[in-house]
Amino acid sequence: MVDVVAQYRQVRERVDRACREAGREPGSVRLLPVSKTWPVAHLEPLLAELGERAWLAENKVQEAQGKAAELSDRGIPARWSIVGHLQRNKARHVAEFADELQTLDSERLAVELNKRLETVDRTLQVLLQINTSGESQKAGIEPEAALDLARALAPLERLQLRGLMTVPIAAAEAGPEPVQAIAACYDRLVQVQDQLRQDGRVPGTVDELSMGMSQDFELAIAHGATTVRVGTAIFGGRSYPEQPTA
Ligand SMILES: *Cc1c(COP(=O)(O)O)cnc(C)c1O
């Protein structure tokens, strides 16, 4: 079995090095461990290491909620970020236990989440998921739609806008210069951030840029990532197929 604590530390060091190389403060980038497909037993050493600082990300709500319940029963702290597409009929579950949703992609979902959060008297940090690759099968809203969605959050007091998230073009789809094609997706996210920051009607902050995974987080940091979502490089290869939606 892999030593998840040692691997986490190695990834953390690589993140810090990438920060220094980009002229940024080491530690200024959040390393978000993506625990999807791994049972709690596999995550425990890392959670023990991180203590109250622990965050975990999952792409499926049910899986996250099951693990959250198991950890809370055992008194192990962890905060939860949802990074997969969220269907509106599951907003209720997210409202109950998650601290962050990185895949907000419609006003209807935002309204539903806000209502559910009021019921349970909680708040939720949200990032808008932007489709920066132009691939039709990719989740997220078009970059051109980000401003309207961000403005629509103004009356929804239970949602705290924090920033933007993207999944870049798949390397296999990215043509002869995949690094450039992926970097272009990240640069596009920065452009959307600039647009939202300059607008007077966007509530909250747009400081977070969640981009970069195991294969490319150093590239993402060079292009401005403030959160990298890392699964495989910390926990090892996933052994059973993922479902595409939350
Ligand atoms: C699984 C997943 C990740 C982590 O991917 P790795 O390649 O295992 O690091 C990051 N973001 C999202 C949205 C994911 O679903």
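Here are three short exercises on the ligand site of this predicted model.

**Exercise 1. Find which residues surround the ligand, and sort them by character.**

Solution. Start at the ligand and look outward. The residues around it are V34, K36, N59, V83, M165, M213, S214, R229, V230, G231, T232 and R238. Next, sort this shell by type: it divides into 5 nonpolar, 4 polar and 3 charged residues.

**Exercise 2. Find the distances from the side chains of K36, R229 and R238 to the ligand.**

Solution. Take the side chains one at a time. For K36, a polar side-chain atom sits 2.7 Å from an oxygen atom of the ligand. For R238, the partner is an oxygen atom of the ligand, and a polar side-chain atom lies 2.8 Å from it. With R229, look for a nitrogen atom of the ligand: the distance to an N or O atom in the R229 side chain is 2.9 Å. Now step back to the ligand's surface. On its own, the ligand has 390 Å² of accessible area, and the protein covers 87% of this.

**Exercise 3. Is V230 buried or exposed, and what is it in contact with?**

Solution. First, place the residue: V230 belongs to strand β8, which spans residues 227-230. Then check its relative accessible area, which is 0%. Buried means under 20%, so V230 is buried. Now list its contacts, leaving aside neighbours within four places in sequence: V11, L31, L32, P33, V34, M213, S214 and F217. Finally, pick V34 from that list. V34 and V230 are 196 residues apart along the chain, yet their C-alpha atoms are separated by 5.5 Å. Both V34 and V230 also appear among the residues surrounding the ligand.

How values were computed
Residues are numbered from 1 along each chain as its sequence is written. This is a predicted model: local features need pLDDT of at least 70, side-chain atom pairs count only at pLDDT 80 or more; totals for chains, interfaces and linings use all residues. Side-chain values use heavy atoms; hydrogens and water are left out. A residue is near a molecule or strand if one of its heavy atoms lies within 4 Å of it. A polar contact is a pair of N or O atoms within 3.5 Å; within protein, one must be able to donate a hydrogen and the other to accept it, and residues adjacent in sequence count only if both atoms are side-chain atoms. Accessible areas come from the Shrake-Rupley method with a 1.4 Å probe; for residues, only the protein chains shown count as cover. Ala, Val, Leu, Ile, Met, Phe, Trp, Tyr, Cys and Pro count as nonpolar, Asp, Glu, Lys and Arg as charged, and the others, Gly among them, as polar. Helices (H or I, at least four residues) and strands (E, at least two) are DSSP runs, numbered from the N terminus. Buried means under 20% relative accessible area, exposed over 50%, partly exposed in between (1.4 Å probe, protein chains only). Contact means heavy atoms within 4.5 Å.
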